Amino acid sequence: MNRTFAGLLAVMLALLLAGCASGGASSKSAPPEQATTAVENYLIGVDDIVQVSVWRNPELGITVPVRPDGMISVPLVGDVAAGGRTPADVAGDIQKKLGDYVRDPQVAVILTELRSHEYLSRVRVTGAVRQPISIPYRQGMTVLDAVLAAGGINEFAAPDRSDLFRKNKDETTATYPVRLDRILNRGDLSTNYTVAPGDVIVIPERTF
(Lines give C-alpha, C1' and ligand atoms only; values in the text may rest on other atoms or scores of the structure.)
Protein backbone atom coordinates (compact mmCIF):
# COMPACT_ATOMS: atom_id res chain seq x y z
CA MET A 1 0.00 0.00 0.00
CA ASN A 2 2.79 2.42 0.93
CA ARG A 3 4.69 1.58 -2.26
CA THR A 4 1.57 2.20 -4.35
CA PHE A 5 0.97 5.55 -2.67
CA ALA A 6 4.60 6.55 -3.09
CA GLY A 7 4.49 5.60 -6.76
CA LEU A 8 1.37 7.65 -7.36
CA LEU A 9 2.90 10.59 -5.51
CA ALA A 10 6.01 10.44 -7.67
CA VAL A 11 3.96 10.38 -10.87
CA MET A 12 1.87 13.35 -9.74
CA LEU A 13 5.00 15.30 -8.81
CA ALA A 14 6.57 14.59 -12.22
CA LEU A 15 3.45 15.74 -14.03
CA LEU A 16 3.30 18.89 -11.94
CA LEU A 17 6.93 19.74 -12.68
CA ALA A 18 6.44 19.08 -16.39
CA GLY A 19 3.41 21.36 -16.48
CA CYS A 20 5.32 24.15 -14.74
CA ALA A 21 8.24 23.81 -17.15
CA SER A 22 6.06 23.93 -20.25
CA GLY A 23 4.11 26.91 -18.90
CA GLY A 24 7.31 28.88 -18.31
CA ALA A 25 8.63 28.20 -21.82
CA SER A 26 5.47 29.33 -23.57
CA SER A 27 5.00 32.53 -21.58
CA LYS A 28 8.40 34.11 -22.23
CA SER A 29 8.37 34.41 -26.01
CA ALA A 30 5.19 36.21 -27.09
CA PRO A 31 5.30 40.02 -27.34
CA PRO A 32 2.47 42.00 -25.78
CA GLU A 33 -0.39 42.85 -28.10
CA GLN A 34 0.59 46.49 -28.35
CA ALA A 35 0.28 47.22 -32.05
CA THR A 36 -3.33 48.29 -31.61
CA THR A 37 -2.49 50.27 -28.49
CA ALA A 38 0.36 52.02 -30.27
CA VAL A 39 -1.98 53.15 -33.03
CA GLU A 40 -4.72 54.19 -30.61
CA ASN A 41 -2.29 56.40 -28.66
CA TYR A 42 -0.71 57.80 -31.82
CA LEU A 43 -1.41 61.45 -32.54
CA ILE A 44 -2.74 61.81 -36.07
CA GLY A 45 -0.66 64.01 -38.36
CA VAL A 46 -0.91 65.65 -41.76
CA ASP A 47 -0.99 63.15 -44.67
CA ASP A 48 -1.95 60.21 -42.43
CA ILE A 49 -4.75 58.13 -43.98
CA VAL A 50 -7.77 57.62 -41.72
CA GLN A 51 -10.80 55.43 -42.21
CA VAL A 52 -14.09 56.54 -40.65
CA SER A 53 -16.78 53.89 -40.23
CA VAL A 54 -20.32 54.40 -38.93
CA TRP A 55 -22.09 51.27 -37.75
CA ARG A 56 -25.19 50.47 -39.82
CA ASN A 57 -24.53 53.52 -41.98
CA PRO A 58 -21.87 52.46 -44.51
CA GLU A 59 -22.73 55.39 -46.80
CA LEU A 60 -21.26 57.71 -44.17
CA GLY A 61 -17.92 55.90 -44.11
CA ILE A 62 -14.85 57.43 -45.77
CA THR A 63 -11.13 56.85 -46.14
CA VAL A 64 -9.24 60.12 -46.55
CA PRO A 65 -5.85 61.75 -45.94
CA VAL A 66 -5.53 64.43 -43.28
CA ARG A 67 -5.29 67.80 -45.02
CA PRO A 68 -2.44 70.28 -44.42
CA ASP A 69 -4.78 72.22 -42.10
CA GLY A 70 -5.22 69.09 -39.96
CA MET A 71 -8.84 68.59 -40.96
CA ILE A 72 -10.81 65.78 -42.60
CA SER A 73 -14.21 66.10 -44.29
CA VAL A 74 -16.92 63.73 -43.07
CA PRO A 75 -20.33 63.25 -44.76
CA LEU A 76 -23.15 65.22 -43.04
CA VAL A 77 -20.74 66.59 -40.44
CA GLY A 78 -18.32 68.53 -42.63
CA ASP A 79 -14.79 69.39 -41.46
CA VAL A 80 -13.49 67.72 -38.31
CA ALA A 81 -10.14 68.43 -36.66
CA ALA A 82 -7.92 65.32 -36.77
CA GLY A 83 -4.34 66.59 -36.63
CA GLY A 84 -2.68 66.27 -33.21
CA ARG A 85 -5.49 64.09 -31.85
CA THR A 86 -5.88 60.37 -31.20
CA PRO A 87 -8.22 58.23 -33.33
CA ALA A 88 -10.49 57.77 -30.30
CA ASP A 89 -10.78 61.55 -29.79
CA VAL A 90 -11.66 62.10 -33.44
CA ALA A 91 -14.22 59.27 -33.36
CA GLY A 92 -15.88 60.82 -30.29
CA ASP A 93 -16.07 64.21 -31.98
CA ILE A 94 -17.62 62.77 -35.15
CA GLN A 95 -20.03 60.65 -33.12
CA LYS A 96 -21.22 63.69 -31.18
CA LYS A 97 -21.78 65.76 -34.33
CA LEU A 98 -23.52 62.90 -36.15
CA GLY A 99 -26.01 62.68 -33.30
CA ASP A 100 -27.87 65.58 -34.91
CA TYR A 101 -28.54 63.46 -38.01
CA VAL A 102 -28.29 59.79 -37.04
CA ARG A 103 -29.88 58.04 -34.09
CA ASP A 104 -27.28 56.67 -31.65
CA PRO A 105 -24.33 56.65 -34.10
CA GLN A 106 -21.42 54.34 -33.40
CA VAL A 107 -18.24 55.67 -34.99
CA ALA A 108 -14.81 54.08 -35.40
CA VAL A 109 -11.72 55.88 -36.69
CA ILE A 110 -8.86 53.68 -37.88
CA LEU A 111 -5.43 54.75 -39.06
CA THR A 112 -4.65 52.82 -42.23
CA GLU A 113 -1.39 54.57 -43.16
CA LEU A 114 0.96 56.48 -40.88
CA ARG A 115 2.60 58.99 -43.20
CA SER A 116 3.28 61.99 -40.96
CA HIS A 117 5.96 60.17 -38.94
CA GLU A 118 7.02 57.88 -41.75
CA TYR A 119 10.37 56.68 -40.43
CA LEU A 120 9.21 56.27 -36.84
CA SER A 121 6.32 54.11 -38.01
CA ARG A 122 8.20 51.91 -40.47
CA VAL A 123 8.78 48.16 -40.08
CA ARG A 124 12.21 46.91 -41.12
CA VAL A 125 13.30 43.45 -42.25
CA THR A 126 16.99 42.70 -42.51
CA GLY A 127 19.47 39.82 -42.58
CA ALA A 128 19.20 36.75 -44.78
CA VAL A 129 16.29 37.91 -46.95
CA ARG A 130 16.27 38.50 -50.69
CA GLN A 131 15.75 42.25 -50.33
CA PRO A 132 16.22 43.95 -46.94
CA ILE A 133 13.48 46.55 -46.71
CA SER A 134 11.96 49.36 -44.68
CA ILE A 135 8.21 49.47 -45.27
CA PRO A 136 5.40 51.67 -43.93
CA TYR A 137 3.46 50.11 -41.05
CA ARG A 138 -0.02 48.90 -41.95
CA GLN A 139 -2.61 47.96 -39.37
CA GLY A 140 -2.85 44.19 -39.02
CA MET A 141 0.58 43.57 -40.56
CA THR A 142 2.28 40.41 -39.30
CA VAL A 143 5.83 39.08 -39.30
CA LEU A 144 5.00 36.92 -42.33
CA ASP A 145 3.61 39.90 -44.25
CA ALA A 146 6.83 41.84 -43.65
CA VAL A 147 9.11 38.92 -44.60
CA LEU A 148 7.18 38.26 -47.81
CA ALA A 149 7.44 41.94 -48.67
CA ALA A 150 11.22 41.46 -48.40
CA GLY A 151 11.04 38.72 -51.03
CA GLY A 152 11.22 35.89 -48.51
CA ILE A 153 14.34 34.32 -47.04
CA ASN A 154 17.43 33.47 -49.09
CA GLU A 155 19.35 30.18 -49.29
CA PHE A 156 21.69 31.17 -46.46
CA ALA A 157 18.98 31.89 -43.89
CA ALA A 158 18.56 30.23 -40.51
CA PRO A 159 14.85 31.09 -40.27
CA ASP A 160 14.14 29.43 -36.92
CA ARG A 161 16.68 31.71 -35.23
CA SER A 162 14.92 34.88 -36.34
CA ASP A 163 14.05 37.64 -33.86
CA LEU A 164 11.63 40.51 -33.62
CA PHE A 165 13.00 43.60 -31.86
CA ARG A 166 10.62 46.12 -30.32
CA LYS A 167 11.39 49.33 -28.44
CA ASN A 168 9.61 49.71 -25.12
CA LYS A 169 8.23 52.93 -23.66
CA ASP A 170 11.31 53.23 -21.43
CA GLU A 171 13.53 53.14 -24.56
CA THR A 172 14.80 49.62 -23.81
CA THR A 173 14.54 47.01 -26.57
CA ALA A 174 12.71 43.71 -26.12
CA THR A 175 13.59 40.66 -28.23
CA TYR A 176 11.05 37.99 -29.23
CA PRO A 177 12.11 34.75 -30.96
CA VAL A 178 10.36 34.07 -34.28
CA ARG A 179 10.22 30.50 -35.59
CA LEU A 180 10.07 31.55 -39.21
CA ASP A 181 10.78 28.10 -40.64
CA ARG A 182 7.74 26.74 -38.83
CA ILE A 183 5.64 29.62 -40.15
CA LEU A 184 6.77 29.16 -43.76
CA ASN A 185 6.94 25.37 -43.99
CA ARG A 186 4.58 23.99 -41.34
CA GLY A 187 1.84 26.59 -41.12
CA ASP A 188 2.61 27.04 -37.42
CA LEU A 189 1.52 30.64 -36.83
CA SER A 190 2.18 30.74 -33.08
CA THR A 191 5.08 33.17 -33.58
CA ASN A 192 3.58 35.04 -36.53
CA TYR A 193 3.19 38.09 -34.34
CA THR A 194 1.30 41.23 -35.27
CA VAL A 195 3.97 43.87 -35.74
CA ALA A 196 4.00 47.37 -34.27
CA PRO A 197 5.35 50.63 -35.72
CA GLY A 198 9.15 50.70 -35.42
CA ASP A 199 9.62 46.91 -35.19
CA VAL A 200 12.76 45.34 -36.66
CA ILE A 201 12.78 41.70 -37.85
CA VAL A 202 16.20 40.06 -38.25
CA ILE A 203 16.77 36.73 -40.03
CA PRO A 204 20.34 35.49 -39.35
CA GLU A 205 22.49 33.40 -41.70
CA ARG A 206 23.38 29.79 -41.04
CA THR A 207 26.76 29.02 -39.52
CA PHE A 208 28.66 26.52 -41.67
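Thr126 stands opposite Val202 in β10, in a model that is predicted. Strand β6, which spans residues 122-127, and strand β10, which spans residues 200-203, pair in the parallel sense over four bridges.

These two strands belong to an open sheet of five strands, arranged in the order β7-β6-β10-β8-β9, and the pairing within that sheet is mixed. Its edges are formed by β7 (133-136) and β9 (173-178), each of which pairs on one side only. From one strand to the next, the twist averages 20°. As a general point, the strands of a sheet pair through backbone hydrogen bonds, in either a parallel or an antiparallel manner.

Two loop residues deserve attention for their backbone angles. Leu76, in the loop between β3 (71-74) and β4 (78-81), has a phi near 75°, a positive value in a residue other than glycine. Glu171, in the loop between β8 (162-167) and β9, likewise has a positive phi, of about 75°, although it is not a glycine. Leu76 is partly exposed, with a relative accessible area of 46%, whereas Glu171 has a relative accessible area of 55% and is therefore exposed, the cut-off for that class being over 50%.

Glu171 also takes part in a charged contact, since its side chain meets that of Lys167 in a salt bridge with an N to O distance of 3.7 Å. Lys167 is exposed as well, with a relative accessible area of 53%. The structure holds 10 salt bridges, and those that share partners join Arg67, Asp69 and Asp79 into one network. In general, side chains of opposite charge can pair when their charged atoms come close.

Among the salt bridges are the following.

| Salt bridge | Closest N and O atoms |
|---|---|
| Asp93 and Arg85 | 3.1 Å |
| Lys97 and Asp93 | 4.0 Å |
| Lys167 and Glu171 | 3.7 Å |

Asp93 appears in two of these rows, as a partner of Arg85 and as a partner of Lys97. Where in the fold do Lys97 and Asp93 lie? Both are in helix α3 (residues 87-98), where they are four residues apart, or about one turn of the helix. Asp93 has a relative accessible area of 18% and is therefore buried, because that class covers values under 20%. Its partner Arg85 is partly exposed, with a relative accessible area of 22%, and Lys97 is also partly exposed, with a relative accessible area of 33%.

Notes. Residues are numbered from 1 along each chain as its sequence is written. This is a predicted model: local features need pLDDT of at least 70, side-chain atom pairs count only at pLDDT 80 or more; totals for chains, interfaces and linings use all residues. Side-chain values use heavy atoms; hydrogens and water are left out. Two strands pair if DSSP finds at least two bridges between them. Axes are lines fitted to C-alpha atoms, for helices over the stretch in contact, and angles run from 0 to 180 degrees between N-to-C directions. Buried means under 20% relative accessible area, exposed over 50%, partly exposed in between (1.4 Å probe, protein chains only).
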